[in-house]
Amino acid sequence: MAAPSGEISVTCEDFLEFQETLKKYRTIDDKIVYQLNTAIPTNSFADKVNAGTQCKSLYDELSQGHVQRENAIRKCIHQTSQQVAKLREARVTDQDNFTLLKQLRKEQTKLRLMQQEMNVEEVVRDRSLKIFQERCRTFYKPPASS
């Protein structure tokens, strides 16, 4: 269920594919309540399962996914920003080229959508960490973020 270790392989050229890839890697966040329900034992099973270890493992999985997705989004924003800059430069020398203008607008729209995806990622992260904190606060204290 966790994102594989390392970097997420994401295509930045096609926004819908980019979005689908992020959605696939957000499954841990989407199923956080289920994961916590299975990780944290009820009172009758509290002595059979180490909830602290379970919470730490889940936190590590969440954190790794958040970092990977954020890095993938930043990478695509950077690539798209570079493409927009190149198209702007080309537009300066060829102002009458309608195809170039159309491509520039398309890239600018894609850049805005990717920047919005960074906002979505922040909301997803905050929601997951809030739920995690509510359920695991007595078993595991994550390190303070810088």
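**Entry 1: a term, then the model**

I count a residue as buried under 20% relative accessible area, as exposed over 50%, and as partly exposed in between. I tried this on alanine 90, which is found in helix H4. Its relative accessibility is 27%, so alanine 90 counts as partly exposed. I also looked up one distance for this residue: alanine 90 and leucine 101 are eleven residues apart in sequence and 9.5 Å apart in space, C-alpha to C-alpha. I note here that the model is predicted.

**Entry 2: the chain as a whole**

I looked up the secondary structure and found five helices and zero strands. Read from the N terminus, the order is α-α-α-α-α. The chain has 146 residues, and 35% of them are buried. I then looked at contacts between residues at least 6 apart in sequence, and 77% of these join residues at least 24 apart.

**Entry 3: helix H1**

Which residues of H1 are buried? I found Phe15, Phe18, Thr21, Leu22 and Tyr25. Looking down the axis of H1, I see these buried residues within an arc of 125°, so they line one face of the helix. On the other side of H1, I listed Leu16, Glu20, Lys23 and Lys24 as exposed. The buried residues of H1 pack against H2, H4 and H5.

**Entry 4: H1 against H4**

I took one of these partners, H4, further. Helix H1 covers residues 15-25 and helix H4 covers residues 51-93; they pack at an angle of about 170°, with their axes 11 Å apart. Angles over 145 degrees count as roughly antiparallel, and that makes H1 roughly antiparallel to H4.

I listed the residues that meet. From H1 they are Phe18, Leu22 and Tyr25, and from H4 they are Arg69, Ala72, Ile73 and Cys76. Sorted by kind, the residues of this contact are six nonpolar, no polar and one charged.

**Entry 5: helix H3**

I did the same for helix H3, residues 32-39, where the buried residues are Ile32, Gln35, Leu36 and Ala39. Down the axis of H3 they fall within an arc of 95°, so these residues line one face of the helix. They pack against helix H2 (27-30), H4 and helix H5 (98-136).

**Entry 6: the nonpolar cores**

I looked up the largest nonpolar core and found 18 residues in it. Which residues have the most contacts inside this core? They are Ile8, Val10, Phe18, Ile73, Cys76, Ile77 and Met114. The elements giving two or more residues to this core are H1, H4 and H5. H4 gives the most, with six residues.

I picked cysteine 76 from this core. Not counting residues up to four places away in sequence, cysteine 76 touches Val10, Cys12, Phe18 and Met114.

There is also a second, separate core of twelve residues, which includes Ile28, Cys55, Phe132 and Tyr140.

**Entry 7: three residues of H4**

I went to alanine 72 next. It is in helix H4 and is buried, with a relative accessible area of 3%. Leaving aside neighbours within four places in sequence, alanine 72 is in contact with Ile8, Val10 and Phe18. I looked up the distance to one of these: the C-alpha atoms of alanine 72 and phenylalanine 18 are separated by 9.3 Å, while the two residues are 54 residues apart along the chain.

Threonine 80 is also placed in helix H4. Is threonine 80 buried or exposed? Its relative accessible area is 2%, so threonine 80 is buried. With neighbours within four places in sequence left aside, I found threonine 80 in contact with Glu107, Lys110, Leu111 and Met114.

Cysteine 55 lies in helix H4. Its relative accessibility is 1%, so cysteine 55 counts as buried. Where sequence neighbours within four places are left aside, cysteine 55 is in contact with Ile40, Phe132, Cys136, Phe139 and Tyr140. I looked up the distance to one of these partners: cysteine 55 and cysteine 136 are 6.1 Å apart in space, C-alpha to C-alpha, and 81 residues apart in sequence.

Key:
Residues numbered from 1 in each chain as written. Predicted model: local features only at pLDDT ≥ 70, side-chain atom pairs only at ≥ 80, totals over all residues. Heavy atoms only, no water. Axes fitted to C-alpha atoms, helices over the stretch in contact; angles between N-to-C directions. Helix = DSSP H or I, 4+ residues; strand = E, 2+ residues; numbered from the N terminus. Parallel < 35°, antiparallel > 145°, perpendicular 65-115°, else oblique. Contact = heavy atoms within 4.5 Å. Nonpolar A, V, L, I, M, F, W, Y, C, P; charged D, E, K, R; others polar. Buried < 20%, exposed > 50% of the residue type's maximum accessible area, 1.4 Å probe, protein only. Arc of directions from axis to C-beta. Core = buried A, V, L, I, M, F, W, Y, C linked by side-chain atoms within 4.5 Å.
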